[in-house]
Amino acid sequence: MTAAPLDHDRTKIDWFTFTHDDPRALAWCLRGPTEDRKSGINVFRTAVQDGHGTMLASDGPQPRPHMLIMPGKALEAWRAERSVRELVQHLATAGVICTRLDLARDTSGPWTPYRLRDHIESDRYVSSWMKFTYHLSKGDTGLTVQCGSRASTSMLRCYDKKVELEAAGEPCPFDRLSRWEMEIKGKLARKAFRQLARLRLLLDEETGVETWPLRTVHSAWLGHRLRLTTDPVDRDGKNQAHATTLPEWEAFLAGSADDILAPELDERSPADQAYELGRWAVKCVSSALALVHDLGGDDLVRALIERGRGRRSAKHGLIFQNRAETLPALQSAIVRERPAAG
């Protein structure tokens, strides 16, 4: 009797880069003896490295002349002894600036780089990434699909992890293993790190086990940038938004977080957001709303409001929750932008 195939689905942080003005907050992450590197790292002229691969560089540009790099192997060694969430909490409290963060999902399920390539080649996708490249390792095996470029603030690398492990002489107990690795850099990495710092543990009431739900964040980041569809997308007709999402892709991303990582995430106060919302409504919505009222009266306006009530975004929810400060700002914007009576 053939044994059932093993299942695996795990999401983990696979790279961290931070900068800071105080090296002590970063040096806390070094473990055991360190040695000087023969040279610095990029524009940081000096650097030390511990036995796990964590590097601390100094003598860099102001105002943050110190940099910490924790690649995948260093984080794997950290996980063997301590919680990565503890690491994140410490660094967030210390006020570090994250400049790169890789979040990787390893899965033995049916979503592989080969299947992703098939969707891209058959034009069954909608994506904010414009560039897609493929790479095969020696022997024309081990496909890597890269979405986005090195210059992008976000990039996806989807590759055959099983082939990579076996090429390194490491056994892989799964029939297939694919890595979906999101690389976040620059200002977007700051937002990503803040999301991870806010991510709370989930308690399984049956087992009493607490888990850090990294996959929900990974799914949100990926789902915001890539949507695979059932049929080829009508790009000439500009009907991409109407393309039907493949149900299996939706299942793969099921449980994604509501807080989607996007470059346009708003860091202004709720009052400032409400004021800008009011200005936008006057310029872009008021004339259409007036026409709806002229044509259909109050009943049609109320029907339009009811259609929109169930579509409130997280940003609009924040404005509503803080209505004591946001309502005056909204009123100010609408009154100020109102055209004078003629």
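## Asp59 and its loop

Asp59 comes out as partly exposed, with a relative accessible area of 35%. That falls between the 20% cut-off for buried and the 50% cut-off for exposed, so neither of those labels fits. Keep in mind as you look around that this is a predicted model. Asp59 sits in the loop between β4 and β5, and its phi is near 60°, a positive value in a residue other than glycine.

That backbone angle deserves a second look, since most residues other than glycine have a negative phi, and most peptide bonds are trans. The loop between β4 and β5 also holds Pro63, and here the peptide bond is the thing to check: going from Gln62 to Pro63 it is cis, with omega near 10°.

## Strand β4 and its partners

Step back from the loop into β4, which covers residues 55-58. Which of its residues are buried? Met55 and Ala57 on one side are, and so are Leu56 and Ser58 on the other, leaving both faces of the strand covered. The two-sided pattern fits a general rule: in a regular strand the side chains alternate between the two faces of the sheet.

β4 pairs with β3 (residues 46-50) in the antiparallel sense, with 4 bridges joining them. If you want a spot to start tracing, Val48 has Leu56 in β4 as its bridge partner. The two strands make a hairpin with 4 residues between them, and in that turn Gly53 has a positive phi of about 105°. β4 also pairs with β5 (residues 66-70), again antiparallel, over 3 bridges. There, Ala57 stands opposite Met67.

## Another positive phi, at Asn42

Asn42 belongs to the loop between β2 (34-36) and β3. Its phi is near 55°, positive although the residue is not a glycine. Is Asn42 buried or exposed? With 75% relative accessibility it counts as exposed, because the cut-off for that label is over 50%.

## Ile97 and Gly186

Ile97 lies in strand β6, residues 97-107. It has a relative accessible area of 19% and is buried; the label applies because the cut-off is under 20%. Setting aside neighbours within four places in sequence, Ile97 is in contact with Thr17, Phe18, Thr19, Arg64 and Arg190.

Gly186 is found in helix α6, residues 186-198. Its C-alpha is 9.6 Å from that of Ile97, with their positions 89 residues apart in sequence. Gly186 is partly exposed, at a relative accessible area of 35%. Not counting residues up to four places away, it touches Cys98 and Thr99. Thr153 is worth finding too: its C-alpha and that of Gly186 are separated by 6.1 Å, while the two residues are 33 apart along the chain.

## Aromatic pairs

The ring-pair count comes to 10 aromatic pairs. One of them is Phe18 with Phe193, an edge-to-face pair at 5.1 Å centre to centre and 70° between the planes. It links distant parts of the chain: Phe18 is in strand β1 (residues 9-20) and Phe193 in helix α6, 175 residues apart. Phe18 is buried, with a relative accessible area of 0%, and Phe193 counts as buried at 4% relative accessibility.

Trp180 and Phe252 make a tilted pair, 5.3 Å centre to centre with 55° between the planes. This one also links distant parts of the chain, with Trp180 in strand β11 (residues 178-185) and Phe252 in helix α8 (residues 247-252), 72 residues apart. Trp180 and Phe252 are both buried. They also belong to one aromatic cluster together with Trp111 and Trp249.

## A nonpolar patch on the surface

Which residues make the nonpolar surface patch of about 350 Å²? Trp280, Val285, Leu289 and Leu304 do. Leu289 is found in helix α10, residues 286-309, and is partly exposed at 36% relative accessible area.

## The whole chain

Zooming out, the chain has 12 helices and 14 strands. Of its 342 residues, 39% count as buried. The accessible surface comes to about 19900 Å², and 53% of that belongs to carbon and sulfur atoms. As for contacts with a separation of 6 or more, residues 24 or more positions apart account for 66% of them.

Conventions. Residues are numbered from 1 along each chain as its sequence is written. This is a predicted model: local features need pLDDT of at least 70, side-chain atom pairs count only at pLDDT 80 or more; totals for chains, interfaces and linings use all residues. Side-chain values use heavy atoms; hydrogens and water are left out. Buried means under 20% relative accessible area, exposed over 50%, partly exposed in between (1.4 Å probe, protein chains only). Two strands pair if DSSP finds at least two bridges between them. Patches are made of residues with over 30% relative accessible area and no salt bridge: like charges are joined within 9 Å, nonpolar side chains (Val, Leu, Ile, Met, Phe, Trp, Tyr) within 5 Å. Accessible areas come from the Shrake-Rupley method with a 1.4 Å probe; for residues, only the protein chains shown count as cover. A salt bridge is a side-chain nitrogen of Lys or Arg within 4 Å of a carboxyl oxygen of Asp or Glu. Contact means heavy atoms within 4.5 Å. Rings of Phe, Tyr and Trp (its six-membered ring) pair if their centres lie within 6.5 Å; planes under 30 degrees apart count as stacked, over 60 as edge-to-face and the rest as tilted.
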